[in-house]
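User: Please zoom in on one part of this model for me, the strand pairing, and then work outward to the surroundings. Keep it relaxed, but spell out the cut-offs as you go.

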Amino acid sequence: MKKITAFLCGMTVCMGYAQQNIDDLLSAGVSDAQRFATDYFTPASDGLMYSMNHGWFNNAKVKDKFGFEISVVANVAFVGDDQKSFILDPNEYENLDFRDNPGVARPVATAFGDIEGVTVVVRGESGIPAIPAQDAEFELPTGLGDANINFVPTAFLQASLRVMKGTEIKARFLPTIQTDDVEVGFYGLGVQHEFTSWLPARKLFPVAISGLIAYTHLDGSYDFSSTSIVQGENQLFENNTNTWLFQVIGSTKLPIFNVYGGIGYLSGTSTNSLKGTYRVQSGVITSPTLEDPFSIETKVAGLRGTLGAKLTLAFFRLHVDYTLAAYNGVSVGLNFGF
C-alpha cells in the first residue's frame, strides 16, 4: 500500500525506487553520484511538470455572472521510449566505470527504464589513514519499466469562479498526503480571460477565444531513514517543483457538446535534493560523513497543443482531452457547476 501511495504522489516513487543504490552511488563520490542522478531522474521530473499542467481548461468561454465550477481532474503524461535510457560515458565521470569493457559508453536505464544487469566498479581511494581503501562493485539501478509503467500521474480538485466580465479565476489543490515515509502537497492558481466577451455581437459569434496564465507548485518528500540502507541519520529525498503555463484557448459555444483546443507554452523547474547524513563504507571516501550530499535541478520549456471535447448535461459536465508536447498526455475530468 505504501508503494501505491508513493506512486500516486508522482516523483517520490522514482526516488524510492532508486534508494537501494544510494550507498553504492555515493561510493563513487558526490560529483559522480550527482551526475548519474541528474540523468536518471530527469524523465520523471520533466514528466511530472507536464502531467501537473494538464486539465487547466475545458472551455474558452468564461462563465456567466456568478458562475462557478468544481472539478475532479486526473492526468497522465506518457514517457517515450527515448526517455527510458541515457548514454553513460565513463570518460565524463571521475571514479565510475563499467566492469565489462571499461571506458566504453553505453545506454543505461533512467527512472522509467528496464535495463538490468549493468555492473560498474569504483576504485577505492581512502583519504583517511585509519580507514583502508575498498573497491565498490555494484549494479546500476533499473527503473519502473520492468513494471510496465511508462507514465506520470497526477490528480487534484479544481475550482473556477467568474469574478468580472470575461474573467474567471481557477485554483487546483491536492490536500497534503502523509504516510510513514511519504509526504506530498500540491496547489495551483490561474486566471483565464475571454477576449471574445468584448465583441459587440459576441452572442452571435460561433466560437470563444480566451487566454490563460497558470502557476503550479508541488512539494514532496520520501523519508527512508528507517530502511537502514545507508548508515546515517535523517535521510530523505525532497522534491520542489514550480511551473508556469501560458495558453491561448478556442472552443465552440453549443449548449450540450463542445470541442475545445489550444496552443500553449510551458516553463518549469524541478529540484530534487538528497538530504541527511550518510556514512559510506566503500569506494572513494572524502569525509567520514556526508551532509546533504547533493541537489539536482531540471528545467522544461516548450510548446504544447491540446484538443478535447466536453459534454454538458444540466449542472454535470464531463471532459477529456489529449495534449501533444515533449511528454504527451491525457486529461479526464468530472465537473459540477452552474
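Analyst: Two strands count as paired if DSSP finds at least two bridges between them, and a strand is itself a DSSP run of E with at least two residues, numbered from the N terminus. Before the details, bear in mind that this is a predicted model, with local features needing pLDDT of at least 70, side-chain atom pairs counting only at pLDDT 80 or more, and totals for chains, interfaces and linings using all residues. Numbering runs from 1 along each chain as its sequence is written, and side-chain values use heavy atoms, with hydrogens and water left out.

Let's settle on strand E13 (residues 257-279). Its partner E12 (residues 231-252) runs antiparallel to it, with 19 bridges between the two. You get from E12 to E13 through a hairpin of four residues. Within that pairing, Glu-233 sits opposite Thr-277 of E13. E13 also has 18 bridges to strand E16 (residues 294-313), again antiparallel; here Ser-270 faces Thr-298 of E16. Strand E15 (residues 290-291) is another antiparallel partner of E13, this time through two bridges, and Tyr-278 is matched with Leu-290 of E15.

Hop back to E12 and you'll find an oddity at Asn-234. Its phi is near 55 degrees, which is positive although the residue isn't glycine. Asn-234 is also exposed, at 59% relative accessibility; exposed here means over 50% and buried means under 20%, with partly exposed in between (1.4 Å probe, protein chains only). Asn-101 makes a nice companion: its phi is near 50 degrees, again positive in a residue other than glycine. Asn-101 is found in the loop between E3 and strand E4 (106-109), and with a relative accessible area of 55% it is exposed.

That loop brings us to E3, which belongs to an open antiparallel sheet of three strands in the order E3-E5-E7. E3 (96-98) and E7 (136-139) are the edge strands, each pairing on one side only. Strand E5 (residues 119-122) is antiparallel to E7, and four bridges join them. Val-121 has Glu-137 of E7 across from it.

Now follow E16 in another direction, to the largest pocket. E16 is one of the elements that give two or more residues to its lining, along with strand E1 (68-78), strand E8 (151-164) and strand E9 (167-178). The largest share, three residues, is E1's. A pocket is an open set of points on a 1 Å grid over the protein atoms alone, where a 1.4 Å probe fits, with protein on both sides within 12 Å along at least five of seven lines; lining residues have an atom within 4 Å of a point. The space in this one is about 440 Å³. It has 26 lining residues, and Asn-59, Lys-61, Lys-63, Lys-310 and Arg-317 are the closest to its centre.

Stepping back, the chain has four helices and 18 strands, where a helix is a DSSP run of H or I with at least four residues. Among its 338 residues, 51% are buried. Of the contacts (heavy atoms within 4.5 Å) with a separation of 6 or more, 68% come from residues 24 or more positions apart.

Terms used:
Grid points are joined across faces, edges and corners, and a volume is the space filled by probe spheres set on the points.
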